[in-house]
Each structure stands twice: as structure tokens, then as C-alpha cells.
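I opened the model today to look up its overall build, its core and a few contacts. My entries follow in the order in which I made them.

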Amino acid sequence: MELAYGLSTSLGGADCWLGKLEEIKSAGITGLELCLNEDYESQRALLPAALDTIREHSMEIFSVHLPFGETVDIACPNEEIRQKAQEKVLRFVKLTGGLGALRMVIHASYEPIPAQDRRRCLQASVRSLRVIAQALGELGITLAVEELPRTCLGNCAQEMRWILSQVPGAGVCFDTNHLTLQTPEEFARQMADVIITTHISDYDGVNEKHWTPGDGIVPFRAIHQTLLAHGYTGPILFEPNEYSRGGVPVTPRGLVQGYTGAIR
Ligand SMILES: [Zn+2]
């Protein structure tokens with residue numbers, strides 16, 4: 001089965017692909033993930049022009065990546081700060097909830113998470129995630145919690161399972177270049193039944209790099225087979241940096257060719 005290709009884009013500035021939609025379409029990419037940053041006013045200001053461009057090129061909006069950062073730390077154990085973060089995330093949900101995206105991706109925490117605070121942070125995070133998942137559910141949108149590297153919450157299959165067990169209706173956004181405690185193929189095998197969207201890129205197995213698929217160590221063929229075997233229906237959504245391994249500029253065609261080459 002052919003899965004649709006997507007690409008993550010910011011609304012302006014760094015990582016913004018909106019000026020290259022023609023090139024993106026001709027590479028075979030049919031949809032986008034809008035990756036928001038935590039500066040609400042700037043995102044609100046950039047959105048109308050971004051939507052015009054996307055509609056002009058009849059691209060789909062597959063998903064929205066809710067912002068992450070210090071001002072939206074939904075895992076903060078300080079209840080006042082946590083609630084503020086949650087409220088802020090809900091403003092972004094309101095801003096982008098009617099754009100046609102069926103999924104919204106979220107990080108369970110910012111970082112670093114000190115080991116001694118992990119339990120409390122996890123409790124705080126799921127408190128926020130529940131509220132956000134419910135707000136999305138009312139809009140017909142599914143929350144996708146992304147697995148993260150390093151000390152972030154949700155940095156392995158086991159912890160992701162626990163988070164999901166506490167957040168009814170949520171699924172997983174599988175980032176193939178985020179795993180630092182286990183291999184991506186292992187994570188895929190353990191979580192395939194709950195993966196509802198992807199962030200596809202390559203890395204060195206040590207820390208996230210967001211390289212073009214095929215430039216690092218991710219066994220995309222095995223992962224792709226695992227996802228298909230569990231009924232994954234897509235998309236294959238690229239989340240690259242501007243440059244791949246060795247400073248080679250990333251291109252839409254390179255992403256698609258890298259991936260199709262890697263799963264062959
Ligand atoms: Zn990602």
C-alpha cells in the first residue's frame with residue numbers, strides 16, 4: 001500500500017517550506033504538518049498568508065504540531081505554571097482547530113527533566129494532556145503524543161504506554177530519529193498498534209539529527225514493514241532540518257528518494 005507523503009513546515013522564518021510548495025508537490029508530497037512555535041501573536045499573524053499559499057497549491061493539512069518550549073511546559077509540577085501552559089496550548093488549538101487537520105502532535109514535556117522530579121512531571125503532564133485531548137476530541141481531532149529524546153517525558157516505549165494509559169483517546173506520533181534509550185525499530189515493534197502519525201528523518205543513533213532518510217542508521221525498511229503489518233495508513237511525514245549529514249542541503253525530492261530507497 002502506498003502511504004501519502006507529508007512534510008513539516010513552520011509558518012515563517014526557519015524551517016518554513018511554504019515558499020517551495022511547487023517543488024514539494026512535484027516531489028510527490030501531498031500534505032503538510034504546520035509546526036507552531038510558542039509565540040502566539042506571531043503565529044496568529046502568519047497563519048492567514050500561510051493558509052492562502054497552501055490552498056493555492058491545493059495541499060492538504062495533515063496535522064498541526066502544537067508548540068513546545070518554556071512557556072508551554074505542560075509537565076511543570078508547579079500547578080499555576082502548568083495551568084498557564086495548558087491554557088496557552090488550548091489557545092493554539094482554538095487558532096488551528098478548524099483547518100482540517102485530523103491530528104495534533106504534542107510533546108509531553110520540555111527539558112531537561114531531573115530524575116528526582118520525573119514522577120511529578122509525568123503526573124502534571126498527563127493532567128494537561130487529558131484536558132487537551134478532550135478539547136481536541138470535541139473538534140474531531142486526535143491528540144498524538146510524540147516520543148522524545150534524552151530526559152524528556154515519553155523517551156521510551158514503556159513510558160509512552162503509561163502516558164497513553166492515562167490519556168483516553170490519544171495515540172503516538174512516532175519520530176524515527178528521537179530514540180536515545182532504545183532503537184527506533186524496537187520502539188516501532190512495541191508501539192505500532194498506537195502509532196497514528198510519523199516524523200520521519202534519520203540520525204546517528206546517539207542524538208536527534210533530522211537528516212534525510214538513508215543518511216543515518218534508521219532501518220526504515222523494517223520500520224515500514226512493521227507499520228504496514230499493524231495497519232498503519234499514513235502519512236509518512238518528513239521532519240527534516242535544513243541540512244542533512246555532512247551539511248548537504250535537504251530537498252523535498254531528496255527526502256522522498258531517500259525514503260523510497262531506504263525501504264526498498
Ligand atoms: Zn519530531
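Before listing neighbours I fixed the term: two residues are in contact if their C-beta atoms, placed from the backbone, lie within 7 Å. The model is a predicted one.

Entry on L32. I found L32 in strand β2, which spans residues 29-35. Leaving aside neighbours within four places in sequence, I listed its contacts as G6, L7, T9, I54, M59, I61 and F62. I then asked whether L32 is buried or exposed. L32 is buried, because 26 other C-beta atoms lie within 10 Å and the cut-off for buried is 20 or more. I also looked up its distance to L237: the C-alpha atoms are 7.8 Å apart in space, while the two residues are 205 apart in sequence.

Entry on the whole chain. I counted eight helices and eight strands. Along the principal axes, the C-alpha atoms fill a box of roughly 45 × 40 × 35 Å. I checked the radius of gyration, which is 17 Å; this agrees with a compact globule, because one of 264 residues would have a value near 18 Å. For burial, I noted that 47% of the 264 residues count as buried. For contacts with a separation of 6 or more, I noted that 76% are between residues 24 or more positions apart.

Entry on the core. The largest nonpolar core holds 77 residues, and I looked up which of them touch the most other members: M104, L129, L143, V145 and V172. Helix α4, residues 118-138, gives the largest share of this core, with eight residues. I picked L143 for a list of contacts, again leaving aside neighbours within four places in sequence. Its partners are M104, I106, L129, I132, A133, L136, G169 and A170.

Entry on a helix pair. I took helix α2 (residues 40-56) and helix α3 (residues 79-96), whose axes come within 11 Å and cross at roughly 5 degrees. I recorded α2 as roughly parallel to α3 because of that angle, the limit being under 35 degrees. Which residues make the contact? From α2 they are Y40, Q43, R44 and L47, and from α3 they are K88, R91, F92 and L95. By class, I noted four nonpolar, one polar and three charged residues in the contact of α2 with α3.

Key: Residues numbered from 1 in each chain as written. Predicted model: local features only at pLDDT ≥ 70, side-chain atom pairs only at ≥ 80, totals over all residues. Core = buried A, V, L, I, M, F, W, Y, C linked by C-beta atoms within 7 Å. Buried ≥ 20, exposed ≤ 12 C-beta atoms within 10 Å, placed from the backbone. Helix = DSSP H or I, 4+ residues; strand = E, 2+ residues; numbered from the N terminus. Rg over C-alpha atoms; globule rule 2.2 N^0.38 Å. Axes fitted to C-alpha atoms, helices over the stretch in contact; angles between N-to-C directions. Parallel < 35°, antiparallel > 145°, perpendicular 65-115°, else oblique. Nonpolar A, V, L, I, M, F, W, Y, C, P; charged D, E, K, R; others polar.
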